[in-house]
Amino acid sequence: MAHKIAVLSQKGGTGKTTAVRHLTDVFRRSGLRVLAVDLDPQGNLSDYFDVDPRAAPTIREVLLGQSRAAEAVHDGVIPANLSLAEAELSLAGKMGRELSLRRALRGLDEDWDVVFFDCPPNLGLLTVNALVAADHALLSAEAQYFAMQGVQQALEVIDLARDGLNPGLQWLGVVLNIADMRTVHSRDAFRSLREHLGDQLMETTVRQSIAYAESAERAVSILEYRPDLGQDYVALADELLDRLGLAGARRRLRSELKAA
């Protein structure tokens with residue numbers, strides 16, 4: 001069975017899509033078959049992977065039952081575009097709307113080892129669908145004063161998804177993104193999260209850099225554009241592989257790094 005991971009935050013600007021993009025890259029380098037599912041109508045993840053904007057079908061057609069999920073995979077990505085917002089409105093009036101994604105993705109487990117869901121930057125219906133379809137939830141938080149408030153809001157939605165809809169959903173933890181740990185403010189935010197979350201806060205923090213915006217504009221992985229910054233995601237992936245119990249992939253990743 002594939003490990004399905006919903007990556008979410010309660011607002012935009014936390015580096016969530018960037019995290020999905022580069023965790024997908026690093027997991028693939030560890031030898032895993034990884035599918036990235038764009039659930040954000042803005043389609044930023046699809047752009048970052050340089051998926052043709054005319055690619056069809058997309059996650060919209062999959063959710064509405066107009067296409068099979070396997071038919072919507074384009075180079076390891078199920079893309080999204082603004083039409084997904086329309087699909088979300090259509091789903092809102094249906095019975096069992098929270099189960100739509102889980103049903104739509106049946107049959108994909110044999111083809112993939114890991115599936116990442118890039119949730120929209122809110123805690124609405126599409127995010128709930130991702131949590132109901134997922135085995136694990138990873139929260140993305142910004143290194144700022146209100147980070148804990150956002151984490152608590154996201155945890156409430158995770159609990160909602162668990163109650164009767166997906167009781168097996170596991171919380172992988174929180175990653176602190178776009179962090180400048182040279183500043184007192186970021187270090188205080190990290191300490192505050194550590195005090196409240198303990199080891200649920202990932203040890204790795206992802207450094208803030210304009211290079212991420214530049215690599216996104218070029219649709220190039222940060223591992224190629226700025227390998228020094230890419231090491232943050234290598235370290236984060238190593239932590240996640242450990243928490244997921246994927247020891248073989250973790251060994252392969254470390255072997256590849258040594259060879260490089």
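With a relative accessibility of 8%, Tyr212 counts as buried (under 20% relative accessible area with a 1.4 Å probe, protein chains only; over 50% is exposed, and in between is partly exposed). Tyr233, at just 1%, counts as buried too. This is a predicted model, so local features need pLDDT of at least 70 and side-chain atom pairs count only at pLDDT 80 or more, while totals for chains, interfaces and linings use all residues. Residues are numbered from 1 along each chain as its sequence is written, and side-chain values use heavy atoms, with hydrogens and water left out.

Searching the whole structure turns up two aromatic pairs (ring centres of Phe, Tyr or Trp, the latter by its six-membered ring, within 6.5 Å). Tyr212 and Tyr233 make an edge-to-face pair, 6.1 Å centre to centre and with 85° between the planes (over 60 degrees is edge-to-face, under 30 stacked, the rest tilted). Tyr212 sits in helix H9 (residues 211-217) and Tyr233 in helix H11, so the pair ties together parts 21 residues apart in sequence. Helices here are DSSP runs of H or I with at least four residues, numbered from the N terminus.

Tyr233 also helps H11 (residues 227-244) meet H1 (residues 16-29). The two helices pack at about 75°, axes 9 Å apart, and are therefore roughly perpendicular (65 to 115 degrees; under 35 is roughly parallel, over 145 roughly antiparallel, the rest oblique). Contact, meaning heavy atoms within 4.5 Å, involves residues including Leu23 and Phe27 of H1 and Leu240 of H11. Just after H11, Gly245 takes a positive phi of about 75°.

Methods. Axes are lines fitted to C-alpha atoms, for helices over the stretch in contact, and angles run from 0 to 180 degrees between N-to-C directions.
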